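Please walk me through this model in the viewer, stop by stop. Tell me what to select next and what is there.

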Amino acid sequence: MKQKISRSILLTLAVSSVFFHLWLVFAGLLPNLVTRPIHLALALPWVFLVGQKSTFQNITGWILASTGIGICMWVAFNRVDLMDQYGSLETTGQYIWSVALVLIVLEMARRHVKLSLPLVALIALSYGVFGQYLPGEFGHPGIPADAFWGTLVLTEGGVWGPLTGISLNVIAVFIILGAFVSAGEGGNAFMSLATRIAGKHRAGPAKVSVLASAFFGSISGSASANVASTGAFTMPTMKRLGYPASFAGAVEAVASTGGQIMPPLMGAGAFMMVELLRINYSEVMAAAILPALLFFFCVWVSVDHFAKRNNLKGLSEEELPRWGEVGRLAIFFILPFGVLLLMLFCTDYTAQYGAAVATIMTAIMLIADRKGVSKLPAILARLEQAFLGAAKQMSTVAAIVICAGVIIGVLNMTGLGIKVTSAILGFSGGNLYIALCLTAIACLILGMEVPTTAAYAICISVAGPALEQLGLPALYAHLFVFWYALLSTITPPVCGTVFIAAGMCGAPWLSVANRAMRIGVGLYIVPLALVANPALIQLIANPVMALLAAVKIGSGLWLVSYAVTGQSKNYWQPAIALVTGFVVIFAFGFGQF
């Protein structure tokens, strides 16, 4: 009985969270200091009360969740009075609640993600409190405690800042859409189509992994979820056909990483990009599509080069799904994505409005599967999976984004972001490519410590202004930083997707990482290539030049891929291919800013 009650409570929380976020899309403008605290309050139970492994975690979880929800409701109900304080704390109780909420946000990130992100936030908070004692230009004049903590908690300058608004108003509705598509036949449809298209070719299961990860990743936006879902099929199949286990894991890790840069949905960072740049989501999609296709093209040819050398065969015709089955499944993703794309490109509605409408359509489609209309228990099971999956994913993103918001709030208050920007400009000597390299290193290092979305948000806040001052347009700077924030997913020592894939395929993680970096070489090159060839992301404004730039870069990526994964047994051929590839990519750039 206890388990049933617990499950009922969880489902009630999940349904409440999903309906609240969908309702906001249609409700119009509401006060941020009401909706954003409710967003955090709805996420707290999933972090502190679900899946706790010890009695201590369970007890402290109840204390932290109830305290956090109480403070969120206090902010929401007292919004008008708190706004009159202009970010300044007035009572001892307000000091206690403010510090407590910030610490709860840090613990929320620690429990739901890992220690590194809240540790960065704690360093930032320490800098805000004690930075006036630092000598030199990196110190600050000092911020009164009432203004510092008040700005973080009583205004939209920290916990309730723009990043929280993005998580609430934009990311959440796309997470809900992805969860509902995955709960039905949408995920199976992607896998079936990928298997039918690529399965029979050389290294067919590996190429199925590339296509399926591109399809599935475009709705999940999570590299880890992508590995766990598509990898559960592709890696055992590759191993059964005699592929090296490390190769199977590397292909899945790299392809799954690419899901975060693949339109139409991409990862949470793409939605953050839209809000930070104040542009339409369709503009980001149009800019991102050719670089994303180049990345997957590079992965595809890397797989093919390796397969040719090692004689890796594809699936037999009997193992492929029939076209009739693929067609029956296709409707489960064509309809929702067709509606979404139609509303994005043919109407003036926002991207989140289109996603909400597509979600409603997808929810209705859960009544059926490939065999027709399902029985009520199956329908209810799919709905439960969709609601629970959406609520859990929203809480994960909220834990990351709100903690990153605290860091950016401190950067803004102390002026540290401006100082880092000045340092980048100084070290680069005014050279854009040196500044890009410094930014790439910063993204890689920070991405090793914090999740991709947070790494992107923090890096763009400090490095973005420097790149823009050196002449790089804002959209290029954001895409560059976002891509390089992904590097840590396949680059040691952290390489999260590599660890997951290595565990699933039973291969040493370092061997998987070594192959992943070579197969995923496009992830390191394409961001620099789009700066050297500005026409690449100008598909709408200059389609001919954009396509020519894509062909040029793709040719260079083919050569680079051959150099690092090809079949040559001597050294001079790969060396020539590598040098020629870089010349093709970076010499005589197409287009201009």
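For residue classes, Ala, Val, Leu, Ile, Met, Phe, Trp, Tyr, Cys and Pro count as nonpolar, Asp, Glu, Lys and Arg as charged, and the others, Gly among them, as polar. Keep in mind throughout that this is a predicted model.

**Stop 1: the second largest pocket**

Select N169, V170, E275, T350 and Q352. Of the 31 residues lining the second largest pocket, these lie nearest its centre. The pocket holds about 840 Å³ of space. Now colour the elements that give two or more residues to its lining: helix 1 (2-27), helix 2 (32-48), helix 8 (162-183), helix 13 (268-277), helix 14 and helix 16 (351-365). Which helix gives the most to this lining? Helix 8 does, with six residues. Colour the lining by class and you get 16 nonpolar, 11 polar and four charged residues.

**Stop 2: the largest cavity**

Rolling a probe the size of a water molecule over the atoms shows where empty space is left. Searching the whole structure turns up three cavities of 30 Å³ or more. The largest cavity encloses about 60 Å³. To find the largest cavity, select F247, F306, R309, R515, R518, I519, V564 and T565, which line it. Three elements give two or more residues each to this lining: helix 14 (281-310), helix 23 (509-519) and helix 25 (543-565). Helix 23 gives the most, with three residues. By class, the lining of the largest cavity has four nonpolar residues, one polar and three charged.

**Stop 3: a bridge from helix 14**

Stay on helix 14 and select D304 together with K207. Their side chains form a salt bridge, with the closest N and O atoms 2.8 Å apart. This pair links distant parts of the chain: D304 sits in helix 14 and K207 in helix 10 (residues 204-220), 97 residues apart. Is K207 buried or exposed? K207 counts as buried because its relative accessibility is 4%, and the cut-off for buried is under 20%.

**Stop 4: salt bridges in helix 5**

The structure holds 12 salt bridges. Side chains of opposite charge can pair when their charged atoms come close. Select R110 and E107 for another example. They meet in a salt bridge at 2.8 Å, N to O. Both lie in helix 5, three residues apart, about one turn of the helix. R110 is partly exposed at 36% relative accessible area, whereas E107 is buried at 17%.

**Stop 5: helix 15 and the strand loop**

Next, select E325 and R370. A salt bridge joins them, the closest N and O atoms being 2.6 Å apart. This pair also links distant parts of the chain. E325 is in helix 15 (residues 323-346), and R370 is in the loop between strand 1 (368-369) and strand 2 (372-373), 45 residues apart. E325 is partly exposed, with a relative accessible area of 24%. R370 counts as partly exposed too, at 29%. Then add R111 to the helix 5 selection: salt bridges that share partners join E107, R110 and R111 into one network.

**Stop 6: helix 26 and what follows**

Draw a C-alpha distance from E325 to F586. The two are 261 residues apart in sequence and 44 Å apart in space. F586 is found in helix 26 and is partly exposed at 28% relative accessibility. Move on to F588, in the segment after helix 26 (572-586). F588 has a positive phi, near 55 degrees, in a residue other than glycine. At 76% relative accessibility, F588 counts as exposed.

**Stop 7: Y86**

Where is Y86? Look in the loop between helix 4 (79-83) and helix 5 (92-112). Y86 has a positive phi of about 55 degrees, although it is not a glycine. Y86 is exposed, with a relative accessible area of 73%.

**Stop 8: a nonpolar surface patch**

Switch to a surface view and select L115, L119, L122 and I123. Together they make a nonpolar surface patch of about 380 Å². L119 is in helix 6 (residues 116-130). At 42% relative accessibility, L119 counts as partly exposed.

**Stop 9: E468 and L432**

Finish on helix 20 (residues 452-469), where E468 is placed. E468 counts as partly exposed, with 38% relative accessibility. Select L432 as well. The two residues are 36 apart along the chain, and their C-alpha atoms are separated by 9.4 Å.

Methods:
Residues numbered from 1 in each chain as written. Predicted model: local features only at pLDDT ≥ 70, side-chain atom pairs only at ≥ 80, totals over all residues. Heavy atoms only, no water. 1 Å grid on protein atoms, 1.4 Å probe; cavity = no way out; pocket = protein on both sides within 12 Å on 5 of 7 lines; lining within 4 Å. Points joined across faces, edges and corners; volume = space filled by probe spheres on them. Helix = DSSP H or I, 4+ residues; strand = E, 2+ residues; numbered from the N terminus. Patch = residues over 30% accessible without salt bridge, like charges linked within 9 Å, V, L, I, M, F, W, Y side chains within 5 Å. Areas by Shrake-Rupley, 256 points an atom, 1.4 Å probe, with all protein chains shown as cover. Salt bridge = Lys/Arg side-chain N within 4 Å of Asp/Glu carboxyl O. Buried < 20%, exposed > 50% of the residue type's maximum accessible area, 1.4 Å probe, protein only.
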